[in-house]
Amino acid sequence: MPLQNAAQLLSPVPPGRAAPRPAQLPAGLRPCSALRSSPFPPFFFFFFFSPPPLSPLPVFLLLPSPRPVCMHCLSPKMVCETKIVAEDHDSIPGAKKDTIIVSSSQMWPTLSGSPSSPPAPLGTPKEEPKRDNVYIREFHPSEQEVVRRIFYEGIMERIPNTAFRGLKQQPLTQLLYALMAVMCFVVTKSFLLTCCLPIFLMGMRYYFSRKVILHYLDCALHTDMSDIEQYYMKPPGSCFWVAVLDGNVVGIVAARGNEEDNTVELRRMSVDSNYRGKGIAKALGRKVLEFAMLNNYSSVVLGTTAVKMAAHKLYESLGFKHVGVVEHYALPGMTHSLLERMFFQLRYHRYRLQLREE
């Protein structure tokens with residue numbers, strides 16, 4: 001065959017036609033120099049340099065045009081992801097049937113540079129925060145000042161309660177104050193003085209309540225609360241306990257046995273105001289009941305001048321029965337003067353819990 005005819009057969013342009021203009025590539029793209037200078041046809045590179053298939057199924061490459069463009073020359077926006085689909089996942093190296101989810105905190109460090117905590121495994125419920133654990137143990141001499149502080153603050157709370165709340169339980173005193181208001185209006189004919197009289201009466205009640213209770217505190221802090229170890233820590237008849245929460249003493253209670261009637265008296269129960277509502281007082285009361293049963297006492301008794309109903313409900317929840325009340329109870333240090341009787345009245349409630357019959 002003549003060389004001219006052979007050149008016509010290998011030429012991509014038929015004779016008699018003008019040679020086509022080269023294909024216009026998108027802006028910013030140029031043909032790969034390896035393809036332009038290679039004597040081999042374009043499909044040769046896809047056949048020899050394409051990665052081996054990862055599955056036994058055939059992989060089809062769809063070419064968009066007869067003149068391929070090297071993917072290394074394309075912009076990142078024009079490169080498409082290729083998905084390999086296989087029926088058998090085990091045939092793909094590294095493929096697993098179980099799904100593993102990795103959070104972004106494991107892939108990139110946090111902005112603050114602090115190490116991120118590992119994510120909780122799937123299907124595992126989050127642990128609830130542990131509740132505060134309160135335990136009761138015997139008093140130690142090094143806790144003397146803390147115990148005295150808790151006792152002092154608990155008694156001081158009774159000053160406004162006795163002065164104001166206690167008036168609700170004294171109908172005769174309310175009638176006396178009402179008569180005084182009427183007499184004030186009749187004598188002075190002044191609404192202003194009559195309206196100021198209740199303020200004066202409440203102020204007098206607070207003054208005398210503070211005076212009497214402070215005197216009672218002084219007596220208590222100089223008797224049994226002055227040396228708790230000497231007064232209460234004498235087994236088997238008496239004991240003193242403290243409630244400990246997070247390493248801090250938050251409550252106190254004492255038990256003192258009486259051999260004459262085989263009873264135990266619950267005394268000095270008080271809880272720090274910052275730790276109330278956690279069941280500490282009930283745990284202290286149960287400790288006294290346990291002490292009484294272990295030492296074969298027949299009953300547990302207590303007396304209280306508390307005005308708040310929460311204290312009375314606590315004793316009833318422990319099983320105590322209200323056995324009586326003493327009107328106009330006299331605390332140590334009271335003078336029993338006329339003004340003191342008029343502006344300070346105290347009720348003493350008695351409770352008893354029978355453990356066994358005599």
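Reader: What makes E5 and E7 a pair of strands?

Author: Six bridges join E5 to E7, and two strands pair if DSSP finds at least two bridges between them, so the condition is met. These strands run antiparallel, and the bridge partner of Gly303 is Arg350 in E7. Strands (E, at least two residues) and helices (H or I, at least four) are DSSP runs numbered from the N terminus. This is a predicted model, in which local features need pLDDT of at least 70 and side-chain atom pairs count only at pLDDT 80 or more, while totals for chains, interfaces and linings use all residues. Residues are numbered from 1 along each chain as its sequence is written, and side-chain values use heavy atoms, with hydrogens and water left out.

Reader: How do you know that E6 pairs with E7?

Author: The two are joined over five bridges in the antiparallel sense, with Val326 facing its bridge partner Tyr348 in E7. Elsewhere, eight bridges join strand E2 (residues 238-245) to strand E3 (residues 248-258), also antiparallel, and Ser238 stands opposite Arg256 in E3.

Reader: Why are E1 and E6 called edge strands?

Author: The open sheet has seven strands in the order E1-E2-E3-E4-E5-E7-E6, with mixed pairing. Strand E1 (134-138) and strand E6 (321-326) each pair on one side only. From one strand to the next, the twist averages 25°.

Reader: Which strands does H10 lie across?

Author: Helix H10 (residues 280-294) lies across E1, E2, E3, E4, strand E5 (299-304) and strand E7 (348-354), contact being heavy atoms within 4.5 Å. H10 runs at about 160° to E4, where angles go from 0 to 180 degrees between N-to-C directions and axes are lines fitted to C-alpha atoms, for helices over the stretch in contact. Helix H5 (residues 144-156) lies across E2, E3 and strand E4 (263-271), at about 85° to E3.

Reader: What is the handedness of the crossing of H7 and H8?

Author: A crossing is left-handed if the near helix is turned anticlockwise from the far one by less than a right angle, and right-handed if clockwise; that of H7 and H8 is right-handed. Helix H7 (residues 171-188) and helix H8 (residues 191-221) pack at about 145°, their axes 9 Å apart. Their contact has ten nonpolar, three polar and one charged residues. Ala, Val, Leu, Ile, Met, Phe, Trp, Tyr, Cys and Pro count as nonpolar, Asp, Glu, Lys and Arg as charged, and the others, Gly among them, as polar.

Reader: What makes a space a cavity and not a pocket?

Author: On a 1 Å grid over the protein atoms alone, a cavity is a set of points where a 1.4 Å probe fits but cannot get out, whereas a pocket is an open set with protein on both sides within 12 Å along at least five of seven lines; lining residues have an atom within 4 Å of a point. Points are joined across faces, edges and corners, and a volume is the space filled by probe spheres set on them. The count is one cavity of 30 Å³ or more. The largest cavity has about 80 Å³, and its lining includes Thr162, Arg347 and His349.

Reader: Which residues are closest to the centre of the second largest pocket?

Author: That pocket has a volume of about 1200 Å³. Of its 44 lining residues, Arg158, Met269, Thr304, Ala306 and Tyr315 are closest to the centre. E4 gives the most to this lining, seven residues.
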